[in-house]
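This report concerns aromatic rings and the charged groups that lie over them. The sequence and the model are shown below.

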Amino acid sequence: GFHLYHKLPSIVPESCLLILVGLLLGGIIFGAEEKSPPVMNSDVFFLYLLPPIVLDAGYFMPTRLFFENFGTIFWYAVVGTLWNAIGIGISLYGICQISAFGLTDITLLQNLLFGSLISAVDPVAVLAVFENIHVNEQLYILVFGESLLNDAITVVLYNLFKSFCQMRTIKVIDIFAGIANFFIVGIGGVLIGILLGFVAAFTTRFTHKIRVIEPLFVFLYSYLSYITAEMFHLSGIMAITACAMTMNKYVEENVSQKSYTTIKYFMKMLSSVSETLIFIFMGVSTVGKNHEWNWAFVSFTLLFCLIWRALGVFVLTQIINVFRTIPLTFKDQFIIAYGGLRGAICFSLVFLLPPAVFPRKKLFITAVIVVIFFTVFIQGITIRPLVEFLDVKRSNKKQPAVSEEIYNRFFDHVKTGIEDVCGHWGHNFWRDKFKKFDNKYLRRLLIRENQPKSSIVSLYKKLEIKHAIEMAESGMISKVPSSVSLSEYHEGKIKPLSPTEMENMREILTKNLYQIRHRTMSYNRHSLAADANEKQAKEILIRRRHSLRESLRKTNSLSRERPVLTFWLFYRKQFF
């Protein structure tokens, strides 16, 4: 019913309704059994529910936009998360020093730990809200990329402060070890993901005779990267994201079209089911006796989350705009700050706190739930009217023309050449260098040789053969004269094209005319991206019908003109 009534998703995000359903179920369970309903197990969340969502997001992420804005995303994710965690933690510690609030037993490290988990912008909540408002691709990738990367950073900070809380004394070397671990966890997860992505591409290179198991390798290696990273205490989120992006580039060219369709549908189904279960469990887990209410702590937590998020975005954007070619406007900064939604990540992390070390755990749980409900309900519902009121640029749903794509490629090469001449090593320069390395080494190793021809070329060939057979059967070839024969022009022998020339023609046709780069629109888990081959086949059919109409029109006009031309030739011969 939510998706059948088209106006409802534009008013209320689906995540809000799912939480309400969970609250209703939790209330029914609590009322019937008079005990707290089951709480979502953190192991279940991190091992089974979160990986499908991150896999789907990484596999269908617009990689070009992501890497073009990687510096800004990394700046927001790393520095922004540290800014929010430390700022919220220190501010709450100042509030706890006021004896009237009854919070003096909460230490500085406990506040910093709470600040680290509450500062996580959740990708599940961001996807659930931003997929409905259709902001422009750059704004979407900044918010979504930040939420994807800062989850890994949040988990590292969480484990770091958690270990500090369990130590009796903290030495200087422990702080430096924690900072080093901060970078090792993230970089190690990325390396494991890329490595297993390469292994998946190399494996699918030899599956042309057993197509049925190709989708299995995609899910097997992606989940293996997540489990392997977690086993070595590295970032599983970074690992599965890197693995998904690597597989999308190489594995997709090795698998068949049916396998790709299976991967696409099954991946989105798993993501949708996981997201639904997460929000329902969040609502169910809210109802119970595991809460402790303190107006000061809960209210100031919500206030500090909003203040430090806004300050962080505006301050950090002023710094990063100096290095950006297209600076972020005030409207973009406001939407980025307002789109910092909290969700299942901080909800699961707060339940992992050991009660022996954190005696006020129930207070932390209550504060986290209030922040999540405020951001998902209030900010999630009001962000669409704000986007319309501020007239923020929306995503371009119109498919770019072939000429526009050709010009974009041309300017990419021009910008790369200008950077090379000027000695400026920008992202265009490094992208060109990676493309050359990729074509020279990686693609030869990971992509199957003797790839079948493009489906567009094969479809065009089939249509031409079919049309020739129809013309031969109907007798059109022998009856219809050509304009060349009417003008008595005797054409010489045509030299047949060599196989090499034919191969070059097919390659030029495939690369420059049909397989053009399409801009990836903002991700929507309820709508699948149209298949490129289907679009290309439709384009070929439309062009073929147009050419057939033109040929028939010319044939009819020539048939009508032939008696007139014959009479004119006879008249000229008799009288001149």
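In this predicted model, Phe-70 is partly exposed, with a relative accessible area of 35%. Its partner Phe-66 is buried, at a relative accessible area of 6%. The count of aromatic pairs comes to 23. Among them, Phe-66 and Phe-70 form an edge-to-face pair, with 5.8 Å centre to centre and 65° between the planes. The angle counts as edge-to-face because it is over 60 degrees. Phe-66 and Phe-70 also belong to one aromatic cluster, together with Phe-67 and Phe-74.

A pair of aromatic rings is described by the distance of the centres and the angle of the planes. Both values are listed here for two edge-to-face pairs.

| Aromatic pair | Centre to centre | Angle between planes |
|---|---|---|
| Phe-66 and Phe-70 | 5.8 Å | 65° |
| Phe-219 and Phe-266 | 5.2 Å | 85° |

What does the pair of Phe-219 and Phe-266 tie together? Phe-219 lies in helix 10 (residues 214–231) and Phe-266 in helix 12 (residues 257–286), so this pair ties together parts that are 47 residues apart in sequence. Phe-219 counts as buried because its relative accessibility, 18%, is under 20%. Phe-266, by contrast, is partly exposed, with a relative accessible area of 38%.

Charged groups also lie over aromatic rings. The charged end of Lys-268 sits over the ring of Phe-60, at 4.0 Å from the ring centre. Lys-249 lies over the face of Tyr-250, 5.7 Å from the centre of that ring.

Notes:
Residues numbered from 1 in each chain as written. Predicted model: local features only at pLDDT ≥ 70, side-chain atom pairs only at ≥ 80, totals over all residues. Heavy atoms only, no water. Phe/Tyr/Trp six-rings, centres within 6.5 Å; stacked < 30°, edge-to-face > 60°. Buried < 20%, exposed > 50% of the residue type's maximum accessible area, 1.4 Å probe, protein only. Helix = DSSP H or I, 4+ residues; strand = E, 2+ residues; numbered from the N terminus. Lys NZ or Arg CZ within 6 Å of the ring centre and 35° of its normal.
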